[in-house]
Amino acid sequence: MRDDLHKEVTARLKADFGFKEQRTYLRQGLCPKEHGGCGKREVYAVADKPWTLRCGRLDRCGWEGRVKELYPDIFDDWSKRYVRTEKDPHAAADAYLAHQRGFDLMGLRGSYSQEHFHHSALNIGSATVRFPMPGGGYWERIIDQPHRFGKQKANFSYGVGYRGQWWTYPGHDLTTLAQADEIWLAEGIFDTIALVQSGKIVAVSTMSTNNYPEDALAALRQKCGELNLSTPKLIFAFDPGKAGTEFARKYVKRAREDGWEAGAAQSFPDGEGEKLDWNDLAIEDRLKPEDLETYRWNGEVTIAPDVQAKAMLIYRRNRFASFSLTFERRLFWASFSLDRINAALEEMAGDPEFDALGKDEKWDRAAEAAVEVEEIANCVFRVLYFQRDFGIEEGAYFVRVDFPKQPSTKATFSGGAMTTSGEFTKRLASVAPGGLWTGSQKQLTQIARTQWRTIRTVEALQFTGYSIDHSAYIFGDIAVHRGRVIEKNEEDYFVLGRQSVKLRTTERMLRISYDAEKLDLSWARPLTIAYGPKGLVVLAFWVLSLFAEQVRSFQESLGFLEMTGVPGSGKTTLLAFLWRLVGRPGYEGFDPTKATSAGIARTLGQVANLPVVLIEGDRSQETNHSRRFEWDELKTAYDGRAVRTRAIANGGMETFEPPFRGAVVIAQNAVVEGSDAIRERIMGVHFDKGRFSDEGKAAADRLKAAQIADISGFPVHIARREEQILAAYREGFARHEAAMLKHPGCGDYRFAKNHAQLAAMLDAMRIVVTNLDDRDVAAAHRLILAMLVERHQLNGADHPHVTAFWEKFDHFFAQDLETARSSALPNTFAIDHARAADQFAINLVQFETRCSAAGLRLPCTLHELKRHLKTSKSRRFIDVKAVNSRHTGRTVDCWVFANPDPSRKSSAPPERKGAAA
């Protein structure tokens, strides 16, 4: 490994694992628990070739990690690190083959070249390593950030076929192949190079599993005839997995029918286990002679003609008395009874052919006659990994079930279902149509023990969106990790460097259709026409919600957006469009008044870096108090703290308090009626019908017609530019906040912070939304400033319930004054009992009675009114106490408030003589 690359890798390993250099090894590295390790300082690597990390606790852990998977960014941009020159035209190609693939370039140089590939649709390019192919074409591998090209990691030359041919290692002509005892037919060129450079194998590449090299084999047969040599044995050594094993079986059968001696090789029997190709195994130094012998045996097991033959192959190697095995996607149990074997030995004795055999051969012949094989399941199940939710310390086994003639099924099995035969039978039948387990408890236990020897742990997330612990957006079937788009692997999880992660639920909240070369922004102009600056402000908050976790991590809070307006003002159309923009069709939001406490908690906790929209519901006073939603419950969501706490059903005292990871949008006709604390967290946008026009309706119709397949890739494009957007956001926030704090009458820090966040993202989102008009953006900024001013004004006003209370009080007080002028008698029903001119004393029960008699309704329940009256600003709340009424002379329980205008009581009736006030 070149010095600069080696230094970078070693530095990263020391920083992340805490390695210490000890002679030729890196030792005492911390085995990563988050990746299925044991957490002990037992990880080691070869110092000069730290390709693979291994835990030294082989029996208790056995964790392994590969540097190119842990740090893909280091091995990702070869032509930038190794610049091409006239003297060294293949610098990047050489480096890639040597350092990424681990090849010895001696003897390999000259068989490849460094070229360039340009993707016209994406308008991006990359250096490639190109190999000439038989037939005049070529094959090339993309080496610079290949993730940018999606699934296209390599290219074949267009219009030039290789059907029926193979690629050979430099210097391996037909004579070399004819003189070999066996030839391994690998799938890829890199696999072939790895096998040849192991020093023990002659190999060729078929370039695809779907290419039987009949023409090359015919030429080889002819050469063997010319040299008077017997034909070599063909070993079909394709990559592990379904395609590799199926084509290996097919081609072995075909080769034997054509007169070739043929077999197979696999890294694991039946292509199961880790998906390691021959190049991977070479890097890990696992192509030694004893390893190759194991791979040949794995291949023989894979192509066994029947279940009895397969059982004997396993028995001869391991000598297990009983074991499970699979054949044609059914699960069997083989038993080798010592009594039956001895009986078979006695029965066969006396046969000259049998007596001529050696001791081991006699035993195997008897075992073959005595073996009992029974079917224990009409399918095959494989534990792929253990998925664990570290937040609540719960886990389950993720299992794939394969059938002979129907699609595979994947599902979770609890610990109980995996360890109890009866529960396993029920669970299998529930998740796999037609799946039937007829085995015993002992057989299930042994199968589980075997499959659990090397089991991966995958972190299961309870929410869709951004995981701050993994620095990744998990949108369901697609993830974005530090600007890289990652698709889930065959086992339904994402590999993010050292960590593996997936969504816990199989439900997909988001239906994102992402195309790297397509970003549809045709909706931006209709949005502006239909909604003007208000549409852009809501869009800015929508994009801001995609960074909620990051913003709270360095600013501690994120404001709420309130969308109010009369029915029919377009709020629903706008919300429905914005949801489709992030891949959630047919959704507007949820009504918390129609949800249980647990339902509200789950809705708030099921997303991260996505909005949670609370829509208009029944706010009537008849709502049962135990089911009534209080806006003040959202206060902790502002800081990203838990909104509700729930118990964990484990018999202990533990509780679960998931943090709020999203952003809050409140959409209803009227403004939020809550405390000052909740209203201070809100930014309000009011919608009306003032912009309604034929042009606006046509624009709104275009938004309604936007197809989710066309626009839902938007959040992926946003997430890929996370670094640039957040950098622009930070710069913009500092600028906008300073300006807002200096604006006349706008000195409240919280208000300025909330609205500066919105203004900053309005600017930053233009990195992706590039077709916005500057005038429209300027209008949106003016609207945000107006929202800030309005919020300051609202902060000095009373709660709407308090305002309504004082309006009714003033009405009754005016009536009382009029009555006092027309009558000398005391008014025993007067609403104000205070003797002092600078106070009001009000009995709320009497107030409620006066309202009822006048045909007026209280603004809310009396219980709620008492809570809000304590916040009264226009007439400051003093106390709740017993007051001697100026009208009756009796003691009355009253709420006492300051009277800011004592002159109003100058025409009040004279005090009734009696006890002192």
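Here are a few exercises on the structure above, each with a worked solution.

The model is predicted, so local features need pLDDT of at least 70 and side-chain atom pairs count only at pLDDT 80 or more, while totals for chains, interfaces and linings use all residues. Residues are numbered from 1 along each chain as its sequence is written, and side-chain values use heavy atoms, with hydrogens and water left out.

**Exercise 1. Cysteines**

Find how many disulfides the structure has, and place C860 relative to its nearest cysteine sulfur.

Step 1. Start with the rule: a disulfide is a pair of cysteine sulfur atoms within 2.5 Å.
Step 2. Searching the whole structure by this rule gives 0 disulfides.
Step 3. For C860, the nearest cysteine sulfur belongs to C851 and is 11 Å away, and C860 is in no disulfide.
Step 4. Now check accessibility, where buried means under 20% relative accessible area, exposed over 50% and partly exposed in between, with a 1.4 Å probe and protein chains only. C860 has 4% relative accessibility and counts as buried; C55, at 1%, is buried too.

**Exercise 2. Helix 6**

Work out how many residues of helix 6 are buried.

Step 1. Helices (H or I, at least four residues) and strands (E, at least two) are DSSP runs, numbered from the N terminus.
Step 2. Helix 6 spans residues 189–197, and 8 of its 9 residues are buried.
Step 3. The buried residues are I189, F190, D191, T192, I193, A194, L195 and V196.
Step 4. Following the helix comes G199, with a positive phi near 90°.

**Exercise 3. A cavity and its lining**

Describe the lining of the second largest cavity.

Step 1. On a 1 Å grid over the protein atoms alone, a cavity is a set of points where a 1.4 Å probe fits but cannot get out, and lining residues have an atom within 4 Å of a point. Grid points are joined across faces, edges and corners, and a volume is the space filled by probe spheres set on the points.
Step 2. The whole structure has 3 cavities of 30 Å³ or more, and the second largest holds about 50 Å³.
Step 3. Its lining is made up of W51, T52, R66, K68, D280, I283 and E284.
Step 4. Sort them: Ala, Val, Leu, Ile, Met, Phe, Trp, Tyr, Cys and Pro count as nonpolar, Asp, Glu, Lys and Arg as charged, and the others, Gly among them, as polar. The lining then divides into 2 nonpolar, 1 polar and 4 charged residues.

**Exercise 4. Ring pairs**

Classify the pair W78 and Y96, then the pair F323 and F336.

Step 1. Rings of Phe, Tyr and Trp (its six-membered ring) pair if their centres lie within 6.5 Å; planes under 30 degrees apart are stacked, over 60 edge-to-face, and the rest tilted. The count comes to 52 aromatic pairs.
Step 2. W78 and Y96 are 6.0 Å apart, centre to centre, with 85° between the planes, an edge-to-face pair.
Step 3. W78 lies in helix 3 (residues 78–81) and Y96 in helix 4 (residues 91–100), so the pair ties together parts 18 residues apart in sequence.
Step 4. The centres of F323 and F336 are 5.9 Å apart and their planes at 25°, so this pair is stacked. Both F323 and F336 are buried.

Definitions and conventions. On a 1 Å grid over the protein atoms alone, a cavity is a set of points where a 1.4 Å probe fits but cannot get out, and a pocket is an open set with protein on both sides within 12 Å along at least five of seven lines; lining residues have an atom within 4 Å of a point.
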